[in-house]
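I opened this notebook to record what I looked up, one topic at a time. The entries follow the order in which I consulted the structure.

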Amino acid sequence: MTRPERAPAPKRAKSARASASAAAEAKAAIAPPQLDLFPVRPVIDVLDPRSVVGAQTGVEHLVRVRLRPNDAPHLIFHDRHGWYCESHGPTCHTVQLARDEVK
Ligand SMILES: [Zn+2]
């Protein structure tokens, strides 16, 4: 004894899977693509050199860069020697982030 109403069952299951997959695709489309590449954005604070170093300072720019909020900060100076990180020197990769920030 075959019941004709059983036939649509696999079709319903397939369409349920299809709509679940479509929902997952829609969710993925909403999420910003750069979220996976840069899960946390650097924290960059432009400081006032005169209030940090002193009123007579020749430092033109002073920028504090944290690659993540809880990381130790890189202190980037821009003075007559050029741009450099206090801890790592001019080749520190946070120097470019600081330069971009004050540009
Ligand atoms: Zn550094």
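**Entry 1. The pairing of S1 and S2.** I began with strands S1 and S2, which run antiparallel and are joined by five bridges. I noted at once that the model is a predicted one. To see individual partners, I looked up two residue pairs. Val43 has Arg66 in S2 as its bridge partner. Leu47 stands opposite Leu62 in S2.

**Entry 2. From S2 onward to S3.** I then asked in which sense S2 and S3 pair, and over how many bridges. The pairing is antiparallel, and five bridges make it up. Leu62, which faces Leu47, also stands opposite Phe77 in S3. I recorded another pair here: the bridge partner of Arg64 in S3 is Leu75.

**Entry 3. From S3 to S4.** Next I followed the chain into S4. S3 and S4 run antiparallel and are joined by four bridges. Phe77 appears again, since its bridge partner in S4 is Tyr84. I therefore wrote down the partners of Phe77 side by side: Leu62 stands opposite, and Tyr84 in S4 is a bridge partner. The connection between S3 and S4 is a hairpin through two residues.

**Entry 4. The sheet as a whole.** I put the pairs together. The four strands form an open sheet in the order S1-S2-S3-S4, with antiparallel pairing. Which strands stand at the edges? They are S1 (43-47) and S4; each has a single partner strand, so one side of each is left without a neighbour in the sheet. On average, neighbouring strands are turned by 20° against each other, direction ignored. I also checked how far S3 (residues 74-79) is enclosed. Five of its six residues are buried, so S3 is largely enclosed by the rest of the structure.

**Entry 5. The loop between S3 and S4.** I looked up Arg80, whose place is in this loop. Is Arg80 buried or exposed? Arg80 counts as exposed because its relative accessibility is 75%, and the cut-off for exposed is over 50%. I also looked up a distance: Arg80 and Glu60 are 20 residues apart in sequence, and their C-alpha atoms are 8.4 Å apart in space.

**Entry 6. The loop between H3 and S2.** Thr57 lies in the loop between helix H3 (49-52) and S2. Thr57 counts as buried, with 18% relative accessibility; the limit for buried is under 20%. Leaving aside residues up to four places away in sequence, Thr57 touches Pro49 and Arg50. Thr57 and Asp79 are 22 residues apart along the chain, and 9.0 Å separates their C-alpha atoms.

**Entry 7. The zinc ion.** I asked which atoms coordinate the zinc ion. They are ND1 of His74, SG of Cys85, ND1 of His88 and SG of Cys92, at 1.9 to 2.3 Å. Along the chain, these donors follow the spacing H-x10-C-x2-H-x3-C. Why is the arrangement tetrahedral? The four donor atoms subtend angles of 98 to 120° around the ion, which makes the arrangement tetrahedral; the rule is that all angles lie between 85 and 135 degrees. I then compared the surroundings of two of the donor residues. His88 is partly exposed, with a relative accessible area of 46%, whereas Cys92 is buried, at 8%.

**Entry 8. The nonpolar core.** I listed the eight residues of the largest nonpolar core: Val63, Val65, Ile76, Trp83, Cys85, Cys92, Val95 and Ala98. The elements that give two or more residues to this core are strand S2 (61-66), strand S4 (82-85) and helix H4 (94-102). Cys85 and Cys92 belong to this core and are also zinc donors. Ala98 touches Val63, Val65, Ile76 and Trp83, with residues up to four places away in sequence not counted.

**Entry 9. The whole protein.** I closed with the totals. The protein has four helices and four strands, which follow the pattern α-α-β-α-β-β-β-α along the sequence. Of its 103 residues, 17% count as buried. Among contacts between residues at least 6 apart in sequence, 24% join residues at least 24 apart.

Technical notes
Residues numbered from 1 in each chain as written. Predicted model: local features only at pLDDT ≥ 70, side-chain atom pairs only at ≥ 80, totals over all residues. Heavy atoms only, no water. Core = buried A, V, L, I, M, F, W, Y, C linked by side-chain atoms within 4.5 Å. Buried < 20%, exposed > 50% of the residue type's maximum accessible area, 1.4 Å probe, protein only. Contact = heavy atoms within 4.5 Å. Donors = N, O, S within 2.8 Å, 3.2 Å for Na, K, Ca; no water. Tetrahedral: all angles 85-135°; square planar, octahedral: opposite > 155°, others 65-115°. Pairing = 2+ DSSP bridges. Axes fitted to C-alpha atoms, helices over the stretch in contact; angles between N-to-C directions.
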